[in-house]
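This briefing covers a bent helix and two helix–helix contacts. Please look over the sequence and structure shown here before reading on.

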Amino acid sequence: MSSLTDPTSGAGAQPRKAKPAGREARLMGTGALGLALLCLLPMVAVLITSLSGGVETLSHLWDTVLPRYMGTTVALVAIVAAGTFAIGTGAAWLVSMTEFPGRRWLEIVLVLPLAFPAYVLAYAYTHVLDHPGIVQTLLRDVTGWGPRDYWFPEIRSLGGAAAMLTLVLYPYVYLLARAAFLQQSATTFFAARALGRTPFHAFREVSLPMARPAIAAGVLLATMETIADFGTVSYFGVQTFATGIYTSWFNMADRVAAAQLAMGLLVFALLLAFLERTTRGEAKYHGGKRQEGMARMPLRGAAKWGATALCAAPVVFGVILPIVALVVMGVGSEQNLLSRRYLRFLSNSLTLAGTAAVLTVLAAIVLGYFHRVRPGNTATAALYIARLGYAVPGGVIAVGLLVPFALFDNTLDAWMRATFDISTGLLLTGSIWLLVAAYMIRFLAAALGAYEGGQATINTNLDFASRVLGQSAYGTLRRVHLPILTPSLLTALLIVFVDVMKELPATLIMRPFNFDTLAVQAHRLAADERLDGAAVPSLVIVAVGFLPVLLLCRRVSRR
């Protein structure tokens, strides 16, 4: 009889993992290490460049802008962390553990704000709430007040930026908290109720502490996105590290100052990434031995309508009102989405997003499959380094890539001029490929997550069977793994594609000359206070962003 066991072993022996051919193993290892080094390059370049400036530049930054950048960034992170925790955890508890009108629909649509970049919400709410906006204009018309006769909250402020970021980032907390609540043991909650605790006190003293690791991971993900944000804080005039990097690089042409600010932001981001991985590693404590299903508590009277209003509010303010405002603004603008100029913006966006998505998924396949066939310290280190990119803001990656590649281009050009009297110009700096590399570094972790999630479902016995039947490691990947992983790979492609469409800071800093995308066009129009025009590319970005979110909503509805 044919057997998958080693022919030199006894009958019934367990199959041993066949090692890939030496050449294929070397190729995969070289590719994985090359990708890891590319992901590490921006961080190393930022570190070296920041140290090259000495203490003089750092002292000048400390005397002028650094304390303000630090204080504003920390305050923004604290407000967004508190807001996402309150909305995400509260909504997750209500839809998971109680029954109220509209719960089944709200459980799904609470994910929808993920489709919006925060800067798009900033454009919509500025149009609605700013001094010449609809709300204040109506208020003055009704009351007869003048511009100085009343107080109204300023949307272009630290609080306004925090509100925009909170509305689009709370789903990180909501999804993780909801999963944690659904996995908890029902008996612990009932025990607290039997001891005289009210439902609220049982939630606060039992359910919430058990879900703490998952909630903390969601909050930390939201704060990592907050420190990386550029479009919202830039438009609202809030001075953070992200805006400081852009200002130093473009307005002041100070490479060292930009690198030192990027280094400060990088340290902050890596600290948050470390905390997120630590809390995620402890997430096993949020569960328990579930001995009976947790029946949802029916809410009655005012409580049930209050729960409906509380869960509907984030959807109304984070999805419905912005879409209505953007549509009204877009209809009144003079922007023609079908014009040659806008078709070029759309083509540039699709080209960058499509190229980056394909290359990023290919990189994830190389790293993930190498770790499967040759698990060890090298493969594990390569995977860990590749995942760090998600914690690094786009502006930091941009500076970290431009500095070394600009040095390479200038050195090569000087040598070619001296040797052959030929100027090579900037071969890599300012090219599409360097921008695509920045996207790949930034979003490789997302592609790896989708790929590894699918790969975990493939039993290793399939690998053994393929190798016994004469397939090489590459043949096993092509004929066995990739057909099975097609849904996961398509999900990874879609996630990276949408993230690139929304990415702003890296695109602004690294894009080739006269190569604008929809995100850049929206930012430029908004910076010129042409909000009606900015609504048109913003709506396209949101429409594309809905694609992966709808897939996520479908998964939530099935659970």
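Helix α7 is kinked by about 40 degrees at V168, shortly before the proline P171. This is a predicted model. Two packed helix pairs, α3 with α14 and α18 with α21, are described after α7.

**Helix α7**
- α7 runs over residues 158–183, a total of 26 residues.
- From first C-alpha to last, α7 reaches 37 Å, close to the 38 Å expected at 1.5 Å a residue.

**α3 against α14**
- Helix α3 (residues 66–97) packs on helix α14 (residues 302–331) at an angle of about 135 degrees, and their axes are 10 Å apart.
- Because of this angle, α3 counts as oblique to α14.
- The crossing of α3 past α14 is left-handed.
- On the α3 side the contact is made by I87, A91, L94 and V95, and on the α14 side by A307, L310, C311 and P314.
- By class, this contact of α3 with α14 has eight nonpolar residues, no polar and no charged ones.

**α18 against α21**
- Helix α18 (residues 432–455) and helix α21 (residues 486–502) pack with their axes 8 Å apart, at an angle of about 155 degrees.
- The angle is over 145 degrees, so α18 is roughly antiparallel to α21.
- α18 passes α21 in a right-handed crossing.
- α18 contributes Y439, F443, A446, A447, A450, Y451 and G454 to the contact, while α21 contributes S488, L489, A492, I495, V496, D499 and V500.
- Eleven nonpolar, two polar and one charged residue make up the contact of α18 with α21.

How values were computed
Residues are numbered from 1 along each chain as its sequence is written. This is a predicted model: local features need pLDDT of at least 70, side-chain atom pairs count only at pLDDT 80 or more; totals for chains, interfaces and linings use all residues. Side-chain values use heavy atoms; hydrogens and water are left out. Helices (H or I, at least four residues) and strands (E, at least two) are DSSP runs, numbered from the N terminus. The expected span of a helix is 1.5 Å times one less than its number of residues. The bend at a residue is the angle between axes fitted to the seven residues ending there and the seven starting there. Axes are lines fitted to C-alpha atoms, for helices over the stretch in contact, and angles run from 0 to 180 degrees between N-to-C directions. Angles under 35 degrees count as roughly parallel, over 145 as roughly antiparallel, 65 to 115 as roughly perpendicular and the rest as oblique. A crossing is left-handed if the near helix is turned anticlockwise from the far one by less than a right angle, and right-handed if clockwise. Contact means heavy atoms within 4.5 Å. Ala, Val, Leu, Ile, Met, Phe, Trp, Tyr, Cys and Pro count as nonpolar, Asp, Glu, Lys and Arg as charged, and the others, Gly among them, as polar.
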